[in-house]
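User: I have this model open and would like to go through it with you. Could we start with one of the helices and work outwards?
Analyst: Gladly, here it is.

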Amino acid sequence: MDAAETIHENFRAALRSGTLPARRSRLGLADAGIAAPALVDLFHSQVVSRQLDRISRKLQARGEGFYTIGSSGHEGNAALAAALRVGDMAFLHYRDAAFQIHRSKQVPGQTPVWDMLLSFAASADDPISGGRHKVLGSKALAIPPQTSTIASHLPKAVGAAFSIGVAARIGLADRPLAPDSIILCSFGDASANHSTAQGAINTAGWAAYQGIPMPIIFACEDNGIGISTRTPSGWIAASFRNRPALAYLACDGLDLLDALCTAREAAAIARERRKPVFLHMGCTRLYGHAGSDVQSTYLSRTEIAESDARDPLLHGAALLADLGILRPDQILDLYEEAEETIARAAEEAIRRPKLTTPAQVMASLLPPRRAVAATNLPSPEQRAETFGGDAAQMDKPQHMARLLSWALADAMLQWPQIVVAGEDVGPKGGVYNVTAKLHQRFGPARVINTLLDEQSILGLGIGFAHNDLLAITEIQFLAYVHNAEDQLRGEAATLPFFSDGQYANPMIVRIAGLGYQKGFGGHFHNDNSLAVFRDIPGIVLACPSNGRDAVAMLRECVRLALEERRVVVFVEPIALYMTRDLHAEGDGLWTSVYEAPGSDTPIRIGEVGRHGDGVDLAIVSYANGYYLSRQAQKLLADEHGVDARVIDLRWLAPVDPDTVLRAVGDARRVLIVDECRITGSQSEALMAMFAEKAPGLPVSRIAAEDSFIPLARAATLTLPSRDSILAAALEAVRD
């Protein structure tokens, strides 16, 4: 017999015979502050969750359902829903159906059974994901959907909790999260061991230790096993009981009254003291990890039987019977009525429409645009007060780093919801001085020095977006983003897709990167690969080559985040931060005067730059490659009579082929110059694009070798140079 059916029959038999287990505690209704009807309602949410699990497995066996990781054994999390407000945003573990079911009872008009059945059936009518995945979630219930790879939702939950206090300090009203709201983030005991979870919990404690408000409950639902790997007995308590600035509470998830009492205590600490709480809820896992998991391959019969005996529904029934609230036969009627109702609804749900075209699947890759209330540009008086002595320098040519710093300040003046965050961005002004003076101009509430944890930095950006703040986060070096790339790939980019556009996390991630820099050396400060971003659907990848473009593109990135709700990665070429000259020392051709907001010419997403109209050759590049190609362009004309044009892609994702082809125009040949590696670089996609869109056009490329970058004078040996570009160009025009 299927494991689910074994437990189902055991439950029915226990009710029929009246042989229910002993009470797990002597708590009464008064102790938990709950009336008898409310306790029955809580138990009913558990029953509905259980029956949905059973139905999902039956649908899967028929080929009508597509996901069978259920909540059976974890139904005690319904008590968390009873202890919290609907407005307390919940980032839920995939075993928390009972939480969503019970929270739905607090909001009129909700249909959780129907909604979840549509999700099981992958119907296009599924109100949260539109048939794209079986996820818990509901906009009306403040439950953003999670498709978490182990614990990856914890950093953004910490970010959301942190944003509540920041919004209050800035004085922003009408945020999605009320000033006294709290965040719930649930996960399993196995996930607690993941570096992402450890980092997020550490970040919450790190902040709270300094007196920073951090109203979050980390609900660890401990069933003692992760797929087949046992969690050592006592490990979770030993690991988290004595963490600095983290309150630790434990409860029995099989005892509704104990779970409710402890959940209310946790909520009070988080809400009133604005402190993080680790709520350790003992649970059990029934049926194995998922429908295909056979527990008998790694657990003994005795262990499985012991787990089955810890069924929360058996203990909930024992509680109701012992308190004289319901007789066993009445509990059985409630249980079987739920089964019949859900089974009937399931037959309707599987007939609902499915996604049938690529366009339907991809319809929510990008979130819908939203109207953004117009703001006045900063007045001359505001700008004069903010910039002080810097204002006198704005009509003089400056390098990229300084121009970006001023552009950030102007953006923060115009948009009070913008927050800059990252390691060393505060008083120090960043490693390259790009955030110079922002801290003194806008204060620590808006210019946030984070701890050294890229997952937490990016999680902050995602979490802030849940509270309608726009974070411009900084990752100090491109190589460092690999510690945290799943925050972009698995969390930020997927949220619109798996919520059918109902949720988005607009953010801007500034990253200092690419090669050629002097001073700092080696791979960790000269990473020349952008492949990690280019294959993430929906992400915008911007990469300016000069200060004037950098300012205009950053302003466009702010617009994209605010209006189009996009996730934007803004890669700033380190080697060009302080560059002033192009061809000769002192020529100043790589500097620009600062253009105030409203006086500049915008650079919209996808717009390319072009220098020259030569028809002999079009050189297509970006960032350092564009800079070096401009140098080669002059030598081609002056010394070889080759008339070339140089095209700056600017935006590396998405790339519009038609725009690039128009920029190439009537040029007879194309040379792609790519400072990233031959394998996995932009040049690969560009070569394919030209082959498909302009098959008769001769195209060649020069790119960096497939190598990491070494230290010292060898640092540029594997990269394109002015001279190697010149040689490749001459070879191209001679063919």
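Analyst: In this predicted model, helix H6 has as its buried residues Pro112, Val113, Asp115, Met116, Leu117, Leu118, Ser119 and Phe120. Eight of the nine residues of H6, which spans residues 112-120, are therefore buried, and the helix is largely enclosed by the rest of the structure.

User: What covers the buried residues of H6?
Analyst: The cover includes H3, helix H5 (97-104) and H13. Just after H6, the chain reaches Ala122, which takes a positive phi of about 55 degrees.

User: Is a positive phi something to look at twice?
Analyst: Most residues other than glycine have a negative phi, and most peptide bonds are trans. Ala245 has a positive phi of about 60 degrees although it is not a glycine, and it lies in the loop between helix H9 (235-240) and strand S6 (247-252). Arg565 likewise has a positive phi of about 60 degrees without being a glycine, and its place is the loop between helix H22 (547-563) and strand S13 (567-573).

User: And which of the classes, buried or partly exposed, does Arg565 fall into?
Analyst: Arg565 has 14% relative accessibility and so counts as buried, while Ala245, with 29%, counts as partly exposed.

User: Where is there a cis peptide bond?
Analyst: The bond from Ala653 to Pro654 is cis, with omega near -5 degrees. Pro654 sits in the loop between strand S17 (651-653) and helix H24 (657-664).

User: Back to the inside, then. Which residues touch the most other members of the largest nonpolar core?
Analyst: They are Phe43, Leu117 and Ile217, in a core of 76 residues. Leaving out residues up to four places away in sequence, Phe43 touches Phe11, Leu256, Leu313, Gly316, Ala317, Leu320, Ile331 and Leu334. Apart from this core lies another, of 74 residues, which includes Val420, Ala512, Leu636 and Ala728.

User: Several of those Phe43 partners look like H12 to me. How many residues of H12 are buried?
Analyst: Nine of the eleven residues of helix H12 (residues 312-322) are buried, so this helix is largely enclosed by the rest of the structure. The buried ones are Pro312, Leu313, Leu314, His315, Gly316, Ala317, Ala318, Leu319 and Leu320. Their cover includes helix H1 (3-17), helix H3 (36-61), helix H10 (256-273), helix H11 (301-309) and helix H13 (328-349).

User: What about Glu340, which helix is that in?
Analyst: Glu340 belongs to helix H13 and, at 48% relative accessibility, counts as partly exposed. Its C-alpha atom is separated by 9.3 Å from that of Gln51, although the two residues are 289 residues apart along the chain.

User: Last topic: at what angle do H7 and H18 pack?
Analyst: Helix H7 (residues 154-170) and helix H18 (residues 454-465) pack at an angle of about 60 degrees, with their axes 7 Å apart. That angle makes H7 oblique to H18, and the crossing of the two helices is right-handed.

User: Which residues make that contact?
Analyst: H7 contributes Pro155, Lys156, Gly159, Ala160, Phe162, Ser163 and Val166, and H18 contributes Gln455, Ser456, Gly459, Leu460, Ile462, Gly463 and Phe464. By class, the contact of H7 with H18 has seven nonpolar, six polar and one charged residues.

How values were computed. Residues numbered from 1 in each chain as written. Predicted model: local features only at pLDDT ≥ 70, side-chain atom pairs only at ≥ 80, totals over all residues. Heavy atoms only, no water. Core = buried A, V, L, I, M, F, W, Y, C linked by side-chain atoms within 4.5 Å. Buried < 20%, exposed > 50% of the residue type's maximum accessible area, 1.4 Å probe, protein only. Contact = heavy atoms within 4.5 Å. Axes fitted to C-alpha atoms, helices over the stretch in contact; angles between N-to-C directions. Helix = DSSP H or I, 4+ residues; strand = E, 2+ residues; numbered from the N terminus. Parallel < 35°, antiparallel > 145°, perpendicular 65-115°, else oblique. Left-handed = near helix turned anticlockwise from the far one by under 90°. Nonpolar A, V, L, I, M, F, W, Y, C, P; charged D, E, K, R; others polar.
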